[in-house]
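Colleague: Could you pick one helical part of this model and take me through it closely? I would like to see which residues sit there and how the neighbouring parts are arranged.

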Amino acid sequence: MSTDPWGRVDDDGTVYVKTAEGERVVGSWQAGAPEEALGYFHRKYEALVTEVQLLEQRVRTTDLAPAQAEQGIQRLREAVTDAHAVGDLDALIRRLDSLSGVIGKRREEIKAAREHARGESREIKERIVAEAERIATEETHWKNGGERLRQLVEEWKAAERIDRPTETALWKRLSSARNAFTKRRKAYFATLEDQREQARADKESLVAEAEAMAGSTDWGETAAAYRDLMRRWKSAGRAAREAEEGLWTRFKGAQDTFFTARSAVFAERDEEMREHAEAKEQLLLEAERLMPVKDVRQTRQQLRSVQERWEAIGPVPRDSRDRLEGRLRKIEEAVRGAEDKEWRRTNPEARARAEGTVAQLRTSIEQLEKRLDKARAAGRDKDVKDAEDALSARRAWLEEAERTLAEFS
């Protein structure tokens, strides 16, 4: 009989393996020495060891799924339990038990990770639904809103699935939001179509008014009417593109007809007014030769002739009107000033008042001079000073009064 720590070969060639539960037969050997038999069954054991090692390596170094790993462990456990091999089979079972513990821990980690991912996915989907509901009720940029809703659906599909009840409820809200947005968009465009039709009708009426006025020669009133039509056109809203373009072409054509005709008339009028300006320039030269005024009456007659011809010439361009009228106004003011001066000089009442003022001041001065002499003689310094101050003022007044009187000479 041949033995080793893990098995033995009986005298009749029966091969046994030793386990914690006792010995069991793993085979028989009739062809050679017992050592050869043990060697053969040891090699079978080593093959099992290799399989266990490979499984351990896959579990610890790859992302082998727990279920697949458990299948491998179960298969090897059955193979080791019923193995026709000689070796420490109990040790292999313990290694497989230990590996089951590793797989159990990994399963818990995967479960926790999955729960975490589902929680994140739930947050993502709740955010998606909230944004979709906001778009459904607030968004008025229809193209952007529709495109964003399509993106949200793709984001939903890319997110992890969550528990069925929550998934179903959130998806229902997302679908409702999309439907609400679509209905609101359709309603808007239906209303917009009505508005465009109303705008088309309003602008048809405006075009008719514009075309009716195109031949008017009432330049001021018609130009104001066209400005009012333009204001009403802008406030009428837009019709459909094709109708809008056609109506605008007619509307602008009517305006262009009127304003082109007005521009031609105004150009002719401007040319005429430039001729008026040149004529008034010549009149001004004639009027300016009247300065300075020597004979007031003759100058007034000549100026009146200039003024009459000035009015007969007619209007001048706006950009030269103020300059020309300013030059004439200076001449008129100079003549008027000369007339006022002449009137003051020849007014007998004014002359009499001036003579009376001069006489009164001279008398007053004579009295003050006598008072001054008496004060000096008496040594009354205060009275001297008062008399001198009064004399100074009266003499200044007399000088002014004499100049006024001289103007009447």
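Modeller: What follows starts from a single residue, moves out to the helices around it, and then visits some other places along the chain.

A word on conventions first. This is a predicted model, in which local features need pLDDT of at least 70 and side-chain atom pairs count only at pLDDT 80 or more, while totals for chains, interfaces and linings use all residues. Residues are numbered from 1 along each chain as its sequence is written, and side-chain values use heavy atoms, with hydrogens and water left out.

Let's begin at threonine 222, which belongs to helix H6, residues 219-235. Helices here are DSSP runs of H or I with at least four residues, strands are runs of E with at least two, and both are numbered from the N terminus. Is threonine 222 buried or exposed? Its relative accessible area is 6%, so threonine 222 is buried (buried is under 20%, exposed is over 50% and partly exposed is in between, using a 1.4 Å probe and protein chains only). The side chain of threonine 222 also has a polar partner, the side chain of serine 216, at 2.7 Å. A polar contact is a pair of N or O atoms within 3.5 Å; within protein, one must be able to donate a hydrogen and the other to accept it, and residues adjacent in sequence count only if both atoms are side-chain atoms. With neighbours within four places in sequence set aside, threonine 222 is in contact (heavy atoms within 4.5 Å) with Met213, Ser216 and Phe258.

Met213 leads us to the pairing of H6 with helix H5, residues 164-213. The axes of H5 and H6 come within 11 Å and cross at roughly 165°; axes are lines fitted to C-alpha atoms, for helices over the stretch in contact, and angles run from 0 to 180 degrees between N-to-C directions. That angle is why H5 counts as roughly antiparallel to H6 (over 145 degrees, against under 35 for roughly parallel, 65 to 115 for roughly perpendicular and oblique for the rest). On the H5 side, the contact is made by Lys203, Leu206, Val207, Glu209, Ala210 and Met213, and on the H6 side by Thr222, Ala225, Tyr226, Leu229, Arg232 and Trp233. By class, these residues are eight nonpolar, one polar and three charged; Ala, Val, Leu, Ile, Met, Phe, Trp, Tyr, Cys and Pro count as nonpolar, Asp, Glu, Lys and Arg as charged, and the others, Gly among them, as polar. H5 and H6 have a left-handed crossing, in which the near helix is turned anticlockwise from the far one by less than a right angle (clockwise would be right-handed).

H6 also pairs with H7: their axes come within 11 Å and cross at roughly 155°, so H6 is roughly antiparallel to H7. The contact of H6 with H7 holds 15 nonpolar, two polar and three charged residues. The crossing of H6 and H7 is left-handed.

Following the chain past H7 (241-288), we reach proline 292 in the loop that leads to H8. What is the form of the peptide bond from methionine 291 to proline 292? That bond is cis, with omega near -10°. Most peptide bonds are trans. In H8, residues 296-313, sits arginine 297, which is exposed because its relative accessible area is 68%. Between the C-alpha atoms of arginine 297 and threonine 50 there are 144 Å, with 247 residues separating them along the chain.

For another helix pair, look at helix H1 (residues 34-61) and helix H2 (residues 66-81), which pack at about 165° with axes 11 Å apart. H1 and H2 are therefore roughly antiparallel. Among the residues that meet are Leu48, Val52 and Leu55 in H1 and Ala69, Ile73 and Leu76 in H2. The contact of H1 with H2 has nine nonpolar, two polar and three charged residues. Also in H2 is glutamate 78, partly exposed because its relative accessibility is 45%.

One last stop is alanine 387 in helix H11, residues 381-406. Alanine 387 is buried at 3% relative accessible area. Beyond four places in sequence, alanine 387 is in contact with Leu368 and Leu372.
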